[in-house]
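Dear colleague,

Please find below the structure that I am handing over to you. A short account of the findings comes after it.

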Amino acid sequence: MSAPQTNIEKQERRHAVPIWGIVLAVIFGVFVGGFLSTSTAFFGSDGPEGAPTQVDGRTGADEPAAGAAAPTE
């Protein structure tokens with residue numbers, strides 16, 4: 001079915017504001033995504049902080065964490 005009234009000029013005026021809203025939302029999303037990615041790259045942590053040993057998920061064995069001294073028993 002076709003639309004009963006097709007006034008292209010009127011439709012352009014009615015759709016202008018929603019289209020600009022979508023464009024602004026995309027620009028805002030790109031800005032926020034860029035900010036989050038660069039702020040994590042510049043101000044991110046040095047790595048996870050945790051226990052001196054980590055459990056290997058495949059074997060269940062305790063292994064010393066990277067950069068940590070081996071535990072003494």
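The notes below go from the whole chain to the helix and then to the strands.

This is a predicted model, in which local features need pLDDT of at least 70 and side-chain atom pairs count only at pLDDT 80 or more, while totals for chains, interfaces and linings use all residues. Residues are numbered from 1 along each chain as its sequence is written, and side-chain values use heavy atoms, with hydrogens and water left out.

**The chain as a whole**

The chain has 1 helix and 2 strands, in the order α-β-β from the N terminus. Helices (H or I, at least four residues) and strands (E, at least two) are DSSP runs, numbered from the N terminus. Of the 73 residues, 4% count as buried; buried means under 20% relative accessible area, exposed over 50%, and partly exposed in between (1.4 Å probe, protein chains only). About 7,000 Å² of the chain is exposed, and carbon and sulfur atoms supply 63% of that area. Accessible areas come from the Shrake-Rupley method with a 1.4 Å probe, and for residues only the protein chains shown count as cover.

**The helix**

The end C-alpha atoms of α1 are 51 Å apart, which agrees with the 52 Å that its 36 residues should span at 1.5 Å a residue. That expected span is 1.5 Å times one less than the number of residues. A kink of about 40 degrees lies at A16, shortly before the proline P18; the bend is the angle between axes fitted to the seven residues ending at a residue and the seven starting there. Of the 36 residues of α1, the number buried is 1, so the helix lies largely in the open.

L24 belongs to this helix, which covers residues 8–43, and is exposed with a relative accessible area of 54%.

**The strands and the loop between them**

V55 is in strand β1 (residues 53–55) and is exposed, at 58% relative accessible area. Beyond its neighbours within four places in sequence, V55 is in contact (heavy atoms within 4.5 Å) with G60, A61 and D62. The C-alpha atoms of V55 and A65, 10 residues apart along the chain, are separated by 9.1 Å.

D56 sits in the loop between β1 and β2 (62–64). In contrast to the exposed V55, D56 is buried, with a relative accessible area of 12%. Leaving aside neighbours within four places in sequence, D56 is in contact with A61 and E63.

With kind regards
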